[in-house]
Amino acid sequence: MSANNAFHIAVLAGDGIGPEVMAPALEVLRKVGEKSGLGFRFTEAPAGANHYLATGKSMPDSTIKLCEEADAILLGACGLPSVRYPDNTEIAPQIELRFIFDLYAGVRPARLIPGVPSPIVGADQRGIDLVVIRESTEGLFASMGKGVVTHEDARETMVITRKTSERLFEFSFRLAERRKARGKPGALTCVDKANVFKAFAFFRGIFDEIEKKHPGVKTDRLYVDACSAMLVKRPWDFDVMVMENMFGDIVSDITASLIGGLGMAPSADIGDKYAVFQPCHGTAPDIMGQGKANPTGMILSAAMMLDWLADKHGIESAAEAGETIERAVDQVYAGGIKPMEFGGGNGTADITKAVLGAL
């Protein structure tokens with residue numbers, strides 16, 4: 001933290017609806033900061049497809065330096081479908097930051113909020129409250145920008161290392177232990193394809209080694225196809241799941257769809273020193289500038305940031321502030337707020353006003 005006892009937050013609003021959902025999140029942080037005695041200093045910086053169009057780079061060096069110096073990084077949705085690198089891949093600062101700052105643990109919570117519809121029968125009675133932990137720097141994504149394409153074929157290489165897997169599993173077991181201390185099951189499932197690929201058998205073997213250090217955590221192992229089938233039948237059977245990068249990319253979208261969609265889903269990419277917090281949804285250029293964007297995922301990502309800052313700095317009031325934001329969101333949805341993606345009439349301004357009021 002800086003000398004003025006305020007958390008310094010790097011704010012990268014991004015593209016499309018990114019700035020539209022970032023503004024409410026900052027309002028919520030200011031409001032909860034006033035109530036809890038926390039200070040925030042927000043520094044905005046460019047990143048994304050629009051910056052690439054203007055300069056030829058997804059982020060300037062000054063943005064990376066700011067992120068390095070800040071206590072945490074808040075990131076809006078980035079990228080636009082029509083803006084591509086020469087190799088036809090999208091502009092994705094969110095992925096680049098994972099590699100720059102070694103953010104190996106992608107944390108994707110999926111909690112069904114009261115009043116939010118789920119496609120799963122019985123979810124409103126049983127509840128959904130799980131976390132997908134996606135390794136974020138290796139796996140198939142280690143090949144990003146390095147694949148080999150010829151006229152006859154294309155090849156990408158998956159990479160799984162012992163160092164990163166050990167850190168990932170230690171992080172996952174600690175999260176399961178923290179959840180158990182808060183009254184959750186505290187169970188951890190390793191999701192892989194160890195019956196087919198040697199790399200995943202290696203991945204599972206390291207999981208088995210780390211498990212011995214955490215006897216208080218109930219564990220399970222599932223193949224990714226079986227896990228996906230179980231998720232859309234009985235998601236309440238899961239607590240924490242850990243998996244390789246590409247599997248996590250897919251499974252976290254499945255779990256988000258179980259709790260109302262990507263607009264409701266927060267996320268974090270966390271390393272040993274740095275962390276980025278952003279909603280799971282994209283830039284939605286089709287609704288940009290129309291006031292329709294749902295800021296809930298961004299607001300809940302800010303709440304995740306407070307919990308991480310509390311754990312990192314030992315400031316319990318920050319964790320309490322994060323819980324206060326979550327309770328406010330629960331209150332407004334239970335009270336009847338209905339975003340437009342659910343067929344309702346509440347846009348960005350309505351949802352923001354309601355959450356601020358609940359605080």
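Colleague: How many aromatic pairs are there here, and how do I read one?

Modeller: A pair of aromatic rings is described by the distance of the centres and the angle of the planes. In this predicted model, the count comes to 11 aromatic pairs. Take phenylalanine 197 and phenylalanine 200: their ring centres are 6.1 Å apart and their planes stand at 70°, so this pair is edge-to-face.

Colleague: Is each of those two residues buried or exposed?

Modeller: Phenylalanine 197 has 44% relative accessibility and therefore counts as partly exposed. Phenylalanine 200, at 2%, counts as buried.

Colleague: What kind of pair do phenylalanine 200 and phenylalanine 247 form?

Modeller: That one is stacked, with 4.9 Å from centre to centre and 10° between the planes. Phenylalanine 200 belongs to helix α7 (residues 198-211) and phenylalanine 247 to helix α9 (residues 245-258), so the pair ties together parts that lie 47 residues apart in sequence. Both of these phenylalanines are buried.

Colleague: Which residues form the aromatic cluster?

Modeller: One cluster is made up of Phe169, Phe173, Phe197, Phe200, Phe203, Phe207 and Phe247. Rings can have charged company too: the charged end of arginine 134 sits over the ring of phenylalanine 141, 4.9 Å from the ring's centre.

Colleague: Now the sheet, please. In what order do its strands run?

Modeller: Strands of a sheet pair through backbone hydrogen bonds, either parallel or antiparallel. Here 10 strands form an open sheet with mixed pairing, and the order is β2-β1-β3-β12-β11-β4-β5-β10-β8-β9. At the edges stand β2 (39-44) and β9 (218-223); each has a single partner strand, so one side of each is left without a neighbour in the sheet. On average, neighbouring strands are turned by 25° against each other, with direction ignored.

Colleague: In which sense do β8 and β10 pair, and over how many bridges?

Modeller: Strand β8 (residues 187-192) and strand β10 (residues 240-243) pair in the parallel sense, over four bridges. To find one bridge yourself, start at valine 191: its partner in β10 is methionine 243.

Colleague: Which strands does helix α4 touch?

Modeller: Helix α4 (residues 93-100) packs on the sheet and touches β1 (6-12), β3 (72-75), β4 (105-111), β5 (129-135), β11 (266-270) and β12 (275-279). The direction of helix α4 makes about 160° with that of β12.

Colleague: And where does helix α10 lie?

Modeller: Helix α10 (residues 296-313) lies across β1, β2, β3, β4, β11 and β12, and runs at about 160° to β12.

Definitions and conventions. Residues are numbered from 1 along each chain as its sequence is written. This is a predicted model: local features need pLDDT of at least 70, side-chain atom pairs count only at pLDDT 80 or more; totals for chains, interfaces and linings use all residues. Side-chain values use heavy atoms; hydrogens and water are left out. Two strands pair if DSSP finds at least two bridges between them. Helices (H or I, at least four residues) and strands (E, at least two) are DSSP runs, numbered from the N terminus. Axes are lines fitted to C-alpha atoms, for helices over the stretch in contact, and angles run from 0 to 180 degrees between N-to-C directions. Contact means heavy atoms within 4.5 Å. Rings of Phe, Tyr and Trp (its six-membered ring) pair if their centres lie within 6.5 Å; planes under 30 degrees apart count as stacked, over 60 as edge-to-face and the rest as tilted. Buried means under 20% relative accessible area, exposed over 50%, partly exposed in between (1.4 Å probe, protein chains only). A charge sits over a ring if NZ of Lys or CZ of Arg is within 6 Å of the ring centre and within 35 degrees of the ring normal.
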